[in-house]
Amino acid sequence: MSHLEQISTLIPALTAGERALALQWLANSFEGGFPGIDVIPGRLGASPHITRTRIPVWLLVQARRLGMSEAGILNAWPTLTARDLVNAWAYYEARRAEIDREIQEQEQVSE
C-alpha cells in the first residue's frame, strides 16, 4: 500500500481538529507556495491574501485577535469559506512574524 493510500484510509478516522492540524502540516510542507493564499506583486502591496479575493490574511488574523469568532468572520465576509480560514490560520502559524509586521504597519497607517 502506498503512502497516499495509507493516508486516504486514515483521514476519515480523524476528528475535525486532527484533520485541520494535518492540513496545516501539509500546507506548511509546500516550498514557495501556500494553498489557498496568494501573494501577487503589485496587488494589495504584495500582501498575502485569500485566493480569489482581495481579503488579506493580516485582516483576518486581526479580526480574530479582536474577538471576532470564525462564524462572525464568515458572516462579515460571505465570500470566505471555512477552508479559507483554515488556510489563513495555517499561513499565520507558518509566517507569524510577517503577518504581525503587516498588522503593526496597518495600525501605524490608521493612527
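Which helices each supply at least two residues of the lining of the largest pocket? In this predicted model, the answer is α1, spanning 3-10, and α2, spanning 16-28. Let's start with that pocket and then work outwards through the rest of the chain.

The largest pocket has a volume of about 280 Å³. If you want to find it on screen, pick out L4, I7, L10, I11 and L14, then add R19, A22, L23, W25 and L26; together these residues line the pocket. Helix α2 provides the largest share of that lining, with 5 residues. Sorted by class, the lining comes out as 9 nonpolar residues and 1 charged residue, with no polar ones at all.

Now step back to the overall layout. The chain has 6 helices and 2 strands. Read from the N terminus, the order is α-α-β-β-α-α-α-α, with the two strands coming right after the second helix. The chain has 111 residues, and 27% of them count as buried. As for how the chain meets itself, take the contacts with a separation of 6 or more: 46% of these are between residues 24 or more positions apart.

One of the pocket residues, L23, leads us to another part of the chain, since N87 touches it. You'll find N87 in helix α5, which covers residues 82-94. Is N87 buried or exposed? It's buried, because its relative accessible area is 7%, and the cut-off for buried is under 20%. Leaving aside residues up to four places away in sequence, N87 touches F34, P35, G36 and I37 as well as L23.

Stay in that stretch of sequence for the next stop, W89. Here R64 lies over the face of W89, at 3.7 Å from the ring centre. Aromatic pairs are another matter: the structure holds 0 of them.

Finally, have a look at the loop between β2 (49-50) and α3 (57-65), where R52 lies. What is odd about the backbone of R52? Its phi is positive, about 70 degrees, although R52 is not a glycine. R52 also counts as exposed, because its relative accessible area of 52% falls in the range over 50%. So R52 and N87 make a handy pair to look at side by side: R52 is exposed, while N87 is buried.

Technical notes: Residues are numbered from 1 along each chain as its sequence is written. This is a predicted model: local features need pLDDT of at least 70, side-chain atom pairs count only at pLDDT 80 or more; totals for chains, interfaces and linings use all residues. Side-chain values use heavy atoms; hydrogens and water are left out. On a 1 Å grid over the protein atoms alone, a cavity is a set of points where a 1.4 Å probe fits but cannot get out, and a pocket is an open set with protein on both sides within 12 Å along at least five of seven lines; lining residues have an atom within 4 Å of a point. Grid points are joined across faces, edges and corners, and a volume is the space filled by probe spheres set on the points. Helices (H or I, at least four residues) and strands (E, at least two) are DSSP runs, numbered from the N terminus. Ala, Val, Leu, Ile, Met, Phe, Trp, Tyr, Cys and Pro count as nonpolar, Asp, Glu, Lys and Arg as charged, and the others, Gly among them, as polar. Rings of Phe, Tyr and Trp (its six-membered ring) pair if their centres lie within 6.5 Å; planes under 30 degrees apart count as stacked, over 60 as edge-to-face and the rest as tilted. A charge sits over a ring if NZ of Lys or CZ of Arg is within 6 Å of the ring centre and within 35 degrees of the ring normal. Buried means under 20% relative accessible area, exposed over 50%, partly exposed in between (1.4 Å probe, protein chains only). Contact means heavy atoms within 4.5 Å.
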